[in-house]
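Q: Please take a close look at one part of this protein, the last helix and what covers it, and set it against the chain as a whole and a few other local details.

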Amino acid sequence: MTPALEPLRRIAAYAVARDGDGRVLLVRASSRSGTPGVWSLPGGAVDHGEDPNHTVVRETAAETGLSVAVTGLQDVLADMRSMPHRGVTIHTDRLVYTVSVRGGNLIDRVGHPTDLARWHTLEEAEKLKLRPFTAAALGLSTAAGDLRPEEAPVFPSFYAYEGPDGLHRAQRFAAYAIATDPYENLLLTRISEGYPGAGCWHLPGGGTDYGEQPGTALVRELVEETGQAGRLVSLLGVASHRDAASLGPEGYPIDWHGVRAFYRVVVDQPTEVTIHDVGGSTCEARWMPLKEVAELAHDQLTEVTADALRAARLI
């Protein structure tokens, strides 16, 4: 049995980089890590307030000595990993980007959590001990098994902690839907008074639970928030927004950093919209014709909604 460990959450970003011969760039975990000798994609944790696009460039440079540029978003996935040597279980929301190499030279990093960076063919990578998320990102079957808890530990959906400046901080990963029906309508929600963005139209969705995949969370949230059963079609992108002094129902300023994945969702059989969380952050939800959506003023939409609609080319 896995011992009781302190649950933690984090968001991380990783690079899938290939050279002219089709080899993929991997880094090896050193003896300072919890999985010495295991290889993974270069990358690491998203700092508070940092755009994940910047994270993947920064972390790849630090771990490999190479400068890269983000060319696309490949996938978003989540996993749980128990680390008894550290006394924690970590849920990580992983953003996997494709990148191109701008220059630099591979470096070895003695005394760091990763100590080697090397180019490998997929055939060579298949024979290595790989982190499961790395094997999945590369379409490989071989992976070193992470130690996982038998059940997801209890962890609050909202967690704020005191930052070095004394201001509370919160970093949250969420999934939202560009949900349409067969009749060219878009499903939107309106934010209640007392919440950041009050009165603005917003996308259905919300924060993912500990141990939950973002796509699964989104389908669940859609039902809970609006009563609609949706079909996940594709991942559209990731938006990162920071409000350094957000005011909500907590009653005190919070340095808030939200990282949100948004997906294309189709509701094949739309029904009457029903708000189940009465008295919560959503005061209204309805199907809105796409033509009417396109005519909404910029200040009538939340930031993440505007970003997602532009990515879907609906505004």
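A: What follows begins with the whole chain, turns to the helix in question, and ends with a small sheet and a loop residue.

The model is a predicted one, and its secondary structure consists of 6 helices and 15 strands. The radius of gyration is 21 Å, and because a compact globule of 315 residues would have a value near 20 Å, the two agree. Along the principal axes, the C-alpha atoms of the protein occupy a box of roughly 55 × 40 × 40 Å. Of the 315 residues, 47% are buried, and when contacts between residues at least 6 apart in sequence are considered, 70% of them join residues at least 24 apart. The surface that the protein exposes comes to about 14800 Å², with carbon and sulfur atoms supplying 50% of it. As for charge, the protein carries 29 positive and 41 negative charges, and the mean positions of these two sets lie 7 Å apart.

Against this background, helix α6 spans residues 303-311, and its buried residues are V304, T305, A306, A308 and L309. The cover over these buried residues of α6 is drawn from several elements, which include the strands β9 (168-180), β10 (185-191), β11 (201-202), β13 (231-246) and β14 (254-266), together with the helix α5 (290-294). After α6 comes R313, a residue with a positive phi, near 60°.

Elsewhere in the protein, three strands form an open sheet in the order β3-β2-β7, and their pairing is antiparallel. Its edges are β3 (39-40) and β7 (114-120), each of which pairs on one side only. Strand β2, residues 24-29, runs antiparallel to β3 and is joined to β3 by 2 bridges; within this pairing, V27 has S40 of β3 as its bridge partner.

A last detail concerns a loop residue, T208, which sits between β12 (205-207) and α4 (214-226). T208 counts as buried because its relative accessibility is 4%, where the cut-off for that class is under 20%. If the neighbours within four places in sequence are left aside, the residues in contact with T208 are R9, D93, F173, A174, A175, P214 and A217. Taken together, the loop residue T208 is buried, just as V304, T305, A306, A308 and L309 are buried in helix α6.

Technical notes. Residues are numbered from 1 along each chain as its sequence is written. This is a predicted model: local features need pLDDT of at least 70, side-chain atom pairs count only at pLDDT 80 or more; totals for chains, interfaces and linings use all residues. Side-chain values use heavy atoms; hydrogens and water are left out. Helices (H or I, at least four residues) and strands (E, at least two) are DSSP runs, numbered from the N terminus. The radius of gyration is taken over C-alpha atoms; the globule rule is 2.2 Å times the number of residues to the power 0.38. Buried means under 20% relative accessible area, exposed over 50%, partly exposed in between (1.4 Å probe, protein chains only). Contact means heavy atoms within 4.5 Å. Accessible areas come from the Shrake-Rupley method with a 1.4 Å probe; for residues, only the protein chains shown count as cover. Lys and Arg count as positive and Asp and Glu as negative; His and the chain ends are not counted. The place of a charge is taken as NZ of Lys, CZ of Arg, CG of Asp or CD of Glu. Two strands pair if DSSP finds at least two bridges between them.
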